Amino acid sequence: MHLSAQIRFVSLVLGLSTAFAQFDGSRYLWFNSSALTTRNSLPVGNGRLGGLMYCTDVERLELNENSFWSGTYLNRTNPQSISKYRDIQQHLAEGQITLGGNEALQYMSGNPTAPRMYQPLVNLFVELGQKNISQDYQRWLDTYEGSTGCNYVYNSVNYTRELVSSAPAGVLAYRLKADKARSLNASIYFSRTSFVEESTASVFGEVGSLQMRARSSETDYMYFTAGVRVVVDQGSITTTGDRIVVKGASKIDIFFDAETSYRYSSRAGWETAVNSTIDGAKTQGYDDLKAKAISAYKGLTNRVKLDIGKSTGSNAQLPTDVRSLNYLTSPDADVQYLTLLFNYGRHLLIASSSSESRNRPLPANLQGLWNVAYAPSWGSKYTVNINLQMNYWAMDVLNLGDLGESLWNLVETAQKKGQQAALEMYGCGGFVVHHNTDLWGDAVPVDNGTSYTVWPMGGAWLALHLMEHYRFSGDKKFLANRAWPVLTDAAAFFDCAHFEFDGYYTTGPSCSPEATYYIPANATKPGSTTGIAIGPTMDNSILHELFSAIIEAASVIGYTGPVLNNAKTYLGKIRPPQIGSKGQILEWYREFNQTDPGHRHFSPLFGLYPGSQLTPVTSKELSTAAGVLLDQRISNNGGSTGWSRAWSVSLYARLYRGDDAFQNMKVWAQKFLLPNLWNSDKGGTTPFQIDGNLGYLAAVPELFLQSHAGQVHLLSALPAAIPTGSISGLVARGGFEVSISWENGKLQMATIKSLSGSDLSIRVADSTSLKVNGNAYTGKFSTTQGRTYTVTV
């Protein structure tokens with residue numbers, strides 16, 4: 001090779017190495033090309049506002065506000081339900097399954113069949129007069145700081161763009177910067193394709209403003225107003241029509257906010273809020289706003305740190321799209337890819353979950369914050385037969401309990417609408433939510449199918465999240481004032497709505513979410529398929545957890561009244577989990593022939609995870625049967641959606657089968673991720689669903705720490721593929737902050753900080769000899785709040 005060619009080659013290699021080295025492979029997503037589609041874009045959010053950044057020739061920021069949905073509240077209650085549902089119960093109990101199913105859909109389905117859908121808000125375009133930006137191009141997302149951006153060279157000028165989400169300031173902030181003075185020329189404007197009422201641009205002094213007013217639909221609509229302030233360094237700022245025009249600037253800062261009619265009673269109210277927020281951000285200035293935003297974000301991401309080893313060679317330093325492709329064939333070479341997915345999942349949870357004290361916060365929906373379609377898949381709403389719950393499984397164990405307010409608010413909103421549904425549909429007190437809801441708390445059955453529509457368990461399952469938050473936090477005021485009213489209201493509905501069958505309190509009409517079976521020979525229309533049922537295993541498992549939670553909560557708050565007595569009675573009348581002819585947990589009260597042995601919903605295994613009734617510590621017999629069913633599902637192509645495969649990881653971890661859990665982690669990472677690492681429904685080009693990312697986030701800690709059985713279980717399901725590593729800052733039930741390090745598959749050291757002074761019981765994998773603070777561990781002991789205990793073997 002010629003000397004000059006050698007020099008050029010070495011320079012290129014060094015340049016690439018430097019570029020790669022600046023991106024920690026466990027922390028950053030990064031690419032060397034623009035995002036041409038939504039599934040390539042990079043997401044940020046402050047819990048309420050969401051932004052997708054593309055970093056294309058013409059910058060496109062797709063912006064959302066989490067309270068902008070397709071319309072106002074709909075009362076969809078079917079008035080015939082209240083007079084028919086007891087007859088439907090009787091028909092199902094008598095074996096008239098087809099009749100009961102048909103009547104359930106006819107008399108209980110909502111009208112219309114669907115609630116409101118989450119809607120995209122507005123796009124912000126920035127035209128820069130640049131074409132084919134590619135020289136020295138890098139696009140990145142920082143999962144620790146919650147920011148995204150890109151940098152590149154165009155016409156010998158270095159350009160940087162970045163988008164920062166600020167929870168403290170309540171805005172998204174965007175900066176364009178050039179390293180050559182006065183090199184920025186831009187045309188900045190809002191764009192939306194539907195129901196725009198007004199879009200304007202103006203300049204006051206040296207500050208540009210955009211404002212858009214729009215609504216969600218032709219009738220029963222919601223409103224929003226979006227606004228920006230544009231500040232330039234050097235250069236001029238003018239308007240042309242509905243655009244702001246910047247010429248000859250060195251730097252452009254844009255501050256964005258939007259508000260909707262959801263939280264305000266008048267346009268004056270929400271527009272005052274928007275203008276006050278973006279004016280405040282402009283006054284604060286981009287640099288200070290960014291610093292405070294990152295500080296707040298890292299205050300959340302710094303709480304838990306995961307290290308499961310280093311990737312081989314330079315695998316972790318490659319662009320993310322290259323790593324994703326390599327992971328398909330060589331997953332063991334890039335273990336840091338799994339760490340990146342953990343950190344990215346946490347980023348998505350924080351970005352789409354508000355920790356603000358804002359009125360009526362909302363949790364992450366099916367697509368978090370980042371829906372770009374007017375008719376999104378599944379309405380991008382809150383599906384509560386698994387998906388919303390999965391979004392928040394990780395919250396408390398990752399010491400992110402302060403994100404829960406958005407979920408508690410939605411649960412309490414649904415409780416109020418669910419009280420109305422319980423009364424109007426069933427003639428019962430308490431509250432009921434079926435398998436979907438929206439921002440208004442819609443509680444009525446959704447869609448029209450026997451395998452999903454009439455399932456009255458959504459409210460009870462959501463109530464359990466409040467109990468879990470108490471178990472992790474030890475917050476007795478929260479238990480008494482927030483959790484107890486929801487738990488007991490959920491229980492009151494079932495006290496009324498159940499019926500007795502085979503000597504057990506039984507739910508119905510219901511279903512095992514989205515699963516179907518063949519109608520047996522001794523029932524109407526044998527050989528046909530249906531999903532309608534009475535007393536499915538999942539219903540019983542949820543109610544077992546619900547009434548157990550009420551008994552536990554009563555002992556903490558000192559309650560001894562009739563609600564406690566009713567809970568004890570009901571708990572004793574729940575049919576226990578049944579074991580089938582192949583040694584498996586049954587899905588229904590009898591062994592129906594299921595139509596899909598690899599069904600994506602692991603509903604009968606609710607008691608394994610997130611519940612605890614089927615875990616090895618509770619019952620070896622039932623946990624063995626749970627493992628049989630789980631293996632059957634996986635061997636029959638179960639785990640066929642991203643969220644389902646993520647759930648399987650936690651299920652295997654609860655069985656202490658760490659190697660199987662790890663294998664399913666790899667399958668999820670190989671099969672279900674979109675180019676920007678969003679989870680998809682079924683892989684390929686199927687729709688984005690955030691639940692798989694957040695289900696994976698919840699599954700990872702289960703490998704290293706479990707606490708559902710009244711003990712802090714360290715290295716509970718450690719895979720052989722992760723022989724050495726550490727995780728710090730996890731929280732265990734009982735109120736303990738736990739950090740663990742291990743080497744060659746054995747505990748090296750763990751520290752357990754008592755946050756509430758609870759009694760502490762410890763287990764380490766299968767070890768029988770432990771030491772606490774150097775002394776032999778002999779069993780459960782009292783702890784001192786604030787004190788740290790060191791565990792060794």
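Q: How do you know that D489 has no salt bridge?
A: In this predicted model, the nearest side chain of opposite charge, K416, is 11 Å away. A salt bridge requires a side-chain nitrogen of Lys or Arg within 4 Å of a carboxyl oxygen of Asp or Glu, so K416 does not qualify. Lys and Arg count as positive, Asp and Glu as negative; His and the chain ends are not counted. D489 is nevertheless buried (under 20% relative accessible area, 1.4 Å probe, protein chains only).

Q: What makes the pair D489 and Q419 a polar contact?
A: Their side chains come to 2.8 Å. The term covers N or O atoms within 3.5 Å, where one can donate a hydrogen and the other accept it, so the pair qualifies.

Q: Which residues does D489 touch?
A: Leaving aside residues up to four places away in sequence, they are Q415, Q419, G430 and F431 (contact: heavy atoms within 4.5 Å). D489 itself sits in helix α11, residues 476-497 (a DSSP run of H or I, at least four residues).

Q: Why do β6 and β7 count as paired?
A: Pairing takes at least two DSSP bridges. β6 (residues 135-142) and β7 (residues 147-154) share six, in the antiparallel sense. Q138 stands opposite N151 in β7.

Q: What leaves one side of β1 and of β11 without a neighbour in the sheet?
A: The nine strands form an open sheet, ordered β1-β6-β7-β8-β9-β16-β13-β12-β11. β1 and β11 stand at its edges with a single partner strand each, so one side of each is free of a neighbour.

Residues are numbered from 1 along each chain, and side-chain values use heavy atoms, without hydrogens and water. As the model is predicted, local features need pLDDT of at least 70 and side-chain atom pairs 80 or more, while totals for chains, interfaces and linings use all residues.

Technical notes: Helices (H or I, at least four residues) and strands (E, at least two) are DSSP runs, numbered from the N terminus. Buried means under 20% relative accessible area, exposed over 50%, partly exposed in between (1.4 Å probe, protein chains only).
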